[in-house]
Amino acid sequence: MSKLTTKTLSTTIDANGLVILESNGQYIYPGLAQAIFDDAVFGPRILKRLQRLFVDHPDGLSESGHDWYFGYLVCAYTQTHFGIKNLLNYPSVTKDLFSLCLTKLSE
C-alpha cells in the first residue's frame, strides 16, 4: 500500500511584491520565471545566453545545467527588482526558465 504524504503550503508576499510559496520548507516563486522571461531587459539576455549556449554546446543542453545557464540572470533580476541578493532555492526559478526557453524554441 502506498504511503500517504501531505504537503503544507503557505504563501507570502515580501515588501517589494515578490510572491513566495513555501512547500515543506522549500521556497518556490510562481510566475517569477515568466516575469524574468518577459522583462524588457532580462528577456533578451536570456535568449542571447541561450543562443550562445547552443554555439558552445552543439551536442545539446542538459536540464541539469539550468542553474549554471540562468542562475546569474535570476540573481541579477531579483536584486534589481526586489533587492534580494541571495534568492533561496533559486534553482526552482532557473528550472522554470529552462522550460520556458525550450517551449519558445519549439514554437
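In what order do the elements of the protein chain run from the N terminus on? The points below answer this and then go through the helix contacts and a few single residues.

1. Overall layout. The model is predicted. From the N terminus on, the order of elements in the protein chain is β-β-β-α-α-α-α. That gives four helices and three strands.

2. Burial and surface. The protein chain has 107 residues, of which 34% count as buried. Its exposed area is about 7000 Å², and carbon and sulfur atoms supply 55% of that area. Among the contacts with a separation of 6 or more, 53% come from residues 24 or more positions apart.

3. Helix 2 against helix 3. Two packed helices are described by the angle between their axes and the distance between the axes. For helix 2 (residues 42-56) and helix 3 (residues 66-82) the angle is about 170° and the axes are 10 Å apart. Angles over 145 degrees count as roughly antiparallel, and helix 2 and helix 3 are therefore roughly antiparallel to each other. The crossing of helix 2 past helix 3 is right-handed.

4. Residues between helix 2 and helix 3. Helix 2 contributes Phe42, Arg45, Ile46, Arg49, Leu50 and Leu53 to this contact, and these meet Trp68, Tyr69, Phe70, Tyr72, Leu73, Ala76, Tyr77, Thr80 and His81 in helix 3. By class, the residues of the contact are eleven nonpolar, two polar and two charged.

5. Helix 2 against helix 4. The packing angle here is about 75°, with the axes of helix 2 and helix 4 lying 11 Å apart. Angles of 65 to 115 degrees count as roughly perpendicular, and this makes helix 2 roughly perpendicular to helix 4. On the helix 2 side the contact has Ile46, Leu47, Leu50 and Phe54; on the helix 4 side it has Leu97, Cys101, Lys104 and Leu105. Seven of these residues are nonpolar, none is polar and one is charged. Ile46 and Leu50 are also among the helix 2 residues that meet helix 3.

6. Helix 3 against helix 4. The axes of helix 3 and helix 4 cross at roughly 105° and come within 8 Å. Helix 3 and helix 4 are therefore roughly perpendicular to each other. From helix 3, the contact is made by His66, Asp67, Tyr69, Phe70, Gly71 and Val74; from helix 4, by Pro91, Val93, Thr94, Lys95, Leu97, Phe98 and Cys101. These residues divide into eight nonpolar, three polar and two charged. Leu97 and Cys101 of helix 4 also take part in the contact with helix 2.

7. Glycine 71. Which residues does glycine 71 touch, not counting residues up to four places away in sequence? They are His66, Tyr90 and Thr94. Glycine 71 is found in helix 3 and counts as buried, because its relative accessibility is 6%. Its C-alpha atom is separated by 9.7 Å from that of leucine 97, and the two residues are 26 residues apart along the chain.

8. Isoleucine 36. Is isoleucine 36, which belongs to helix 1 (residues 32-38), buried or exposed? Isoleucine 36 has a relative accessible area of 0%, so it is buried. Leaving out residues up to four places away in sequence, isoleucine 36 touches Phe42, Gly43, Ile46, Val74, Tyr77, Val93 and Leu97. Of these, Phe42 and Ile46 are in helix 2 and Tyr77 is in helix 3, while Val93 and Leu97 are in helix 4. Isoleucine 36 and threonine 78 are 42 residues apart in sequence, and their C-alpha atoms are 9.0 Å apart in space.

9. Asparagine 89. The loop between helix 3 and helix 4 holds asparagine 89. Its phi is near 55°, a positive value in a residue other than glycine. Asparagine 89 has a relative accessible area of 25% and is therefore partly exposed.

10. Serine 92. Serine 92 belongs to helix 4 (residues 91-106). Buried means under 20% relative accessible area, so serine 92, at 18% relative accessibility, counts as buried. Not counting residues up to four places away in sequence, serine 92 touches Tyr27, Ile28 and Tyr29.

Terms used:
Residues numbered from 1 in each chain as written. Predicted model: local features only at pLDDT ≥ 70, side-chain atom pairs only at ≥ 80, totals over all residues. Heavy atoms only, no water. Axes fitted to C-alpha atoms, helices over the stretch in contact; angles between N-to-C directions. Parallel < 35°, antiparallel > 145°, perpendicular 65-115°, else oblique. Left-handed = near helix turned anticlockwise from the far one by under 90°. Contact = heavy atoms within 4.5 Å. Nonpolar A, V, L, I, M, F, W, Y, C, P; charged D, E, K, R; others polar. Buried < 20%, exposed > 50% of the residue type's maximum accessible area, 1.4 Å probe, protein only. Areas by Shrake-Rupley, 256 points an atom, 1.4 Å probe, with all protein chains shown as cover.
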